[in-house]
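Welcome! Open your viewer, get comfortable, and follow along one selection at a time.

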Amino acid sequence: MTVADPALVDEIRARARVVRDRISRAAHASGRDPAQIRLVAVTKTRSVDVVRAAVVAGLTDLGENRVQELQEKRSAVPAATWHLVGRLQRNKVRHVVDEQILIHSLDRVDLADEIQVRAARAGLVQSVLVQVNVGDDPAKGGCSVHRTGELVAYAQRLPNLLVSGLMTVPPLTPPGNDPPRNAAVHFARLRALRDEIRGTVPTVTELSMGMSADLEAAVTEGATMVRIGTDLFGTRGEPEYRGTKETG
Ligand SMILES: *Cc1c(COP(=O)(O)O)cnc(C)c1O
């Protein structure tokens, strides 16, 4: 294993400090404890060198949206907890069933069944978040709001699944609207749904919501995990872009 580039580590550490300050400020402003908010560094499209530097810079939770990329980076940089934040296909489930991985994108029953089969075979309990399409955006993955309770209840009955919360990616902001304000409505909706479901399934506590453009709104609305890529590693595109299509 090669060592991390010190200049890169410094740069990421400085950016992480700014992001953590933003989380702290938003948390304090809404009477929350910043320690209750986990920073997931989304490393999709970034090189293994960047991932390695991120870990040395103190980022312990790393997120990827594609299974193959997650596997490649995880085998190169084994230290972190990984988060699968992109759409998951049944035939890839076996690669992400692991105690060190949190799956953020459970959105249908057949996927829950497959996770159950693979987790039972591996002898572990797989932690998952149910992804909710809060904006009913046809371009986004996730379970519809009115089906979420049903899916959580189903998954929670499977012995090798632990549903620990909900995740969402809000729809794109309509032109002329303010992105954080647009997102806040959807974040509030996810929180209300979590509160409702938690009444019957107490393990459902996490709220994975908020990206670079709407981090503060997410923290204000109760996020327990924010997923940050651009503001930690720069704009995806150059020099690292490998043509990975965004999902979510
Ligand atoms: C890419 C991605 C992120 C990070 O987005 P940034 O705007 O770069 O911070 C967060 N969540 C999901 C699901 C993503 O695909």
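**Stop 1: the whole protein.** Begin with everything selected. Of the 248 residues in the protein, 50% count as buried. Keep in mind as you look around that this is a predicted model.

Now switch to a cartoon view, where you can look for nine helices and eight strands. Show the C-alpha trace and turn it slowly: along its principal axes it spans about 50 × 45 × 35 Å. How does the radius of gyration fit a compact globule? A compact globule of 248 residues would have a value near 18 Å, and the protein has 17 Å, so the two agree.

Next, turn on the surface. The protein exposes about 11,400 Å², and 51% of that area is supplied by carbon and sulfur atoms.

If your viewer can draw contacts, try those between residues at least 6 apart in sequence. Of these, 61% join residues at least 24 apart.

**Stop 2: the ligand and its shell.** Hide the surface and select the ligand. How many residues surround the ligand? There are 13, and the closest are K44, S212, G229, T230 and R236. Colour this shell by residue type and you should find six nonpolar, four polar and three charged residues.

Three of the closest neighbours deserve a zoom, one after another:

- Select K44: an N or O atom of the K44 side chain is 2.6 Å from an oxygen atom of the ligand.
- Select G229: here a backbone N or O atom lies 2.8 Å from a ligand oxygen.
- Select T230: an N or O atom in the side chain of T230 is 2.5 Å from an oxygen atom of the ligand.

With those contacts on screen, bring the surface back around the ligand. On its own, the ligand has 390 Å² of accessible area, and the protein covers 95% of it.

**Stop 3: a residue in helix α7.** Select residues 179–198, which form helix α7, and pick out L190 within the helix. Is L190 buried or exposed? Its relative accessibility is 0%, so L190 counts as buried.

To see what packs around L190, leave aside its neighbours within four places in sequence. The residues in contact with L190 are then V132, V134, L166, M167, T168, L207, S208 and M209. Showing them as sticks makes the surroundings of L190 easy to follow.

For a last look, add M225 and draw a line between the two C-alpha atoms. L190 and M225 are 35 residues apart in sequence, and 13 Å separates them in space.

Key. Residues numbered from 1 in each chain as written. Predicted model: local features only at pLDDT ≥ 70, side-chain atom pairs only at ≥ 80, totals over all residues. Heavy atoms only, no water. Near = heavy atom within 4 Å. Polar contact = N/O pair within 3.5 Å; in protein donor to acceptor, adjacent residues only side chain to side chain. Areas by Shrake-Rupley, 256 points an atom, 1.4 Å probe, with all protein chains shown as cover. Nonpolar A, V, L, I, M, F, W, Y, C, P; charged D, E, K, R; others polar. Helix = DSSP H or I, 4+ residues; strand = E, 2+ residues; numbered from the N terminus. Rg over C-alpha atoms; globule rule 2.2 N^0.38 Å. Buried < 20%, exposed > 50% of the residue type's maximum accessible area, 1.4 Å probe, protein only. Contact = heavy atoms within 4.5 Å.
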